[in-house]
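Colleague: Could you take me closely through the aromatic side of this model, and through what surrounds it?

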Amino acid sequence: MTHAPNPDPATPWAALGGDPALLERVAPPGQAESAGADRADGPTGLLGARLPVLELARSTVAVCALAAAELAALRTGGPVPRVRVDNGAVATAFVSERHLRIDGRPPVSFAPLSRFWRTSDGWVRTHANYPHHRARLLTALGLPGDTGPEAVAEAFARWRAVEAEEAVYAAGGLAVALRSPAEWAAHPQGAAVAARPLLTLDRTGAPRAPRRFTAPDAPPGAPAAGLRVLDLTRVIAGPVATRTLALLGADVLRVDAPQLPESQDAHSDTGFGKRSALLDLRARADRAAFEELLGSADVLVTGYRPGALDAYGLGADALAGRHPGLVVAQLSAWGTGGPWRGRRGFDSLVQVATGIAAVEGGQREPGALPAQALDHGTGYLLAAGVLRAVTEQTREGGARLLRASLAGTAHWLLSGPRRAVAPAAPASYDPAVHLTTSDSPLGELRHARCPVTPPGGGPADWPSPPGRLGTDAPRWRTAATA
């Protein structure tokens, strides 16, 4: 593959066990792209940053598209189609939540207490978008529930950054101290992440015959047709993965716990092509309904902390024993090893802990990537891993366990080259080229198109818009695979 960007697709493709020769099917940057496309002679400024964000974004989309093309070729018996990635489409999709309009209204994103705060010796970043996280943050700071940003700033100013981090996490909230890349590398969690591959895809459980699809004649643009995907993810990374699988033909059902708050606006961005149901696994009837769904699922995608679902029999070992043909895809913030493996985390916090915010910031304050690129990038990698797992199952049988983390994607990004100054986006870049509108139960949605082009010229948009979160029946839309 010529003109490979850095980070390049070879790293995740190898981690997923892909045939390296297939990387030649990925067109080099600059071929058949829209205005603002990256050329081999340098960056355009799309997703401009000091770190190679566009290169990472492009590579994650390319790997996902290549995995889709590989599965399509396997199902149709034809050659693996050539994969082209449009940088303008990638840059637009990686900030899809910013382009979303719901009857002309922008979505609600970060809450007032989700931001950077100066401490006595540095900075911390908090995440308090959910009411329970906000309440726990204020409890850790010894402040009443109606406290505003000014009083919070005064409280943080009296803390050392690492002490504030530990106190807020001990109270069940989310706060992370700003670290440099070197400080993160020396941290036990940073070392644990660095010791692991970017992704892992392992065969688990007892041997089982190769997968047979009930839709063997699925069109090339829908290589995931016939797959049932149970989606237990929230926020961005996991939902991006499953909305991509929905575009490629999968029957995706998202299941949320009714007691956990969730943003309808977030689902309006990432719920395309899916249905959404509420089930409380603590209730006997809901648990029985969930087990019936799981029993005929092909893929289970989870976004909870490692070990959090074990009490419900949803740990990797238990699932492999009960469901020997299942693909289990596990997403976490900090990875499956190290002292932080059980901590909650979000893209913004991982950027701060790993040193990304320090690299992107200036002399006086920390910065941020131009997109929640760890979320979006990990989402496309997760979708690629599911597609590769299904390809392996179709050839060899057996269950598969896929694992990815935001911290792992951050480590990959930090391994790339850095620029002294973030390049500006070209005047020729027009995101409107990559936006469309859809009628939905929520009103008219303006939204970004998926940057993964289905193989064989399949549909460029999802089969259905998102609906209201949790209002669908907990049942499958399609027949199961065999």
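Modeller: I will begin with a histidine, bearing in mind that this is a predicted model. His-187 has a relative accessibility of 16%, which is under 20%, and it therefore counts as buried. His-187 is placed in the loop between α8 (181-186) and α9 (188-194), and its side chain comes to 2.9 Å from the backbone nitrogen of Gln-189. If neighbours within four places in sequence are set aside, the contacts of His-187 are with Arg-179 and Trp-340.

Trp-340 leads on to the aromatic rings, since Trp-184, Trp-334 and Trp-340 are linked by ring pairs into a cluster. Trp-334 and Trp-340 are both buried.

How many aromatic pairs are there in the model? With ring centres required to lie within 6.5 Å, the count is seven aromatic pairs. In one of these, the rings of Phe-94 and Tyr-380 are stacked, because their planes stand at 25°, with the centres 5.7 Å apart, and planes under 30 degrees apart count as stacked. Phe-94 belongs to the loop between α3 (87-93) and α4 (96-99), whereas Tyr-380 belongs to helix α16 (residues 373-396), so this pair ties together parts that lie 286 residues apart in sequence. Phe-94 is buried, at 0% relative accessibility, and Tyr-380 is likewise buried, its relative accessible area being 0%. The pair formed by Trp-334 and Trp-340, by contrast, is edge-to-face, with 80° between the planes and 4.9 Å from centre to centre.

Two arginines also sit over aromatic rings. The charged end of Arg-343 is found over the ring of Tyr-169, at 4.4 Å from its centre, while Arg-125 lies over the face of Phe-116, 5.0 Å from the ring centre.

Helix α16, which holds Tyr-380, is also the place of Thr-391. Thr-391 counts as buried, with a relative accessibility of 0%. Once neighbours within four places in sequence are left aside, Thr-391 is in contact with Glu-70, Leu-71 and Leu-74. Between Thr-391 and Arg-75 the C-alpha to C-alpha distance is 9.1 Å, although the two residues are 316 residues apart in sequence.

Taken together, helix α16 contributes Tyr-380 to a stacked pair with Phe-94, and Thr-391 of that helix has Leu-71 among its contacts. On the histidine side, His-187 touches Trp-340, and Trp-340 in turn belongs to the cluster with Trp-184 and Trp-334.

How values were computed. Residues numbered from 1 in each chain as written. Predicted model: local features only at pLDDT ≥ 70, side-chain atom pairs only at ≥ 80, totals over all residues. Heavy atoms only, no water. Phe/Tyr/Trp six-rings, centres within 6.5 Å; stacked < 30°, edge-to-face > 60°. Helix = DSSP H or I, 4+ residues; strand = E, 2+ residues; numbered from the N terminus. Buried < 20%, exposed > 50% of the residue type's maximum accessible area, 1.4 Å probe, protein only. Lys NZ or Arg CZ within 6 Å of the ring centre and 35° of its normal. Polar contact = N/O pair within 3.5 Å; in protein donor to acceptor, adjacent residues only side chain to side chain. Contact = heavy atoms within 4.5 Å.
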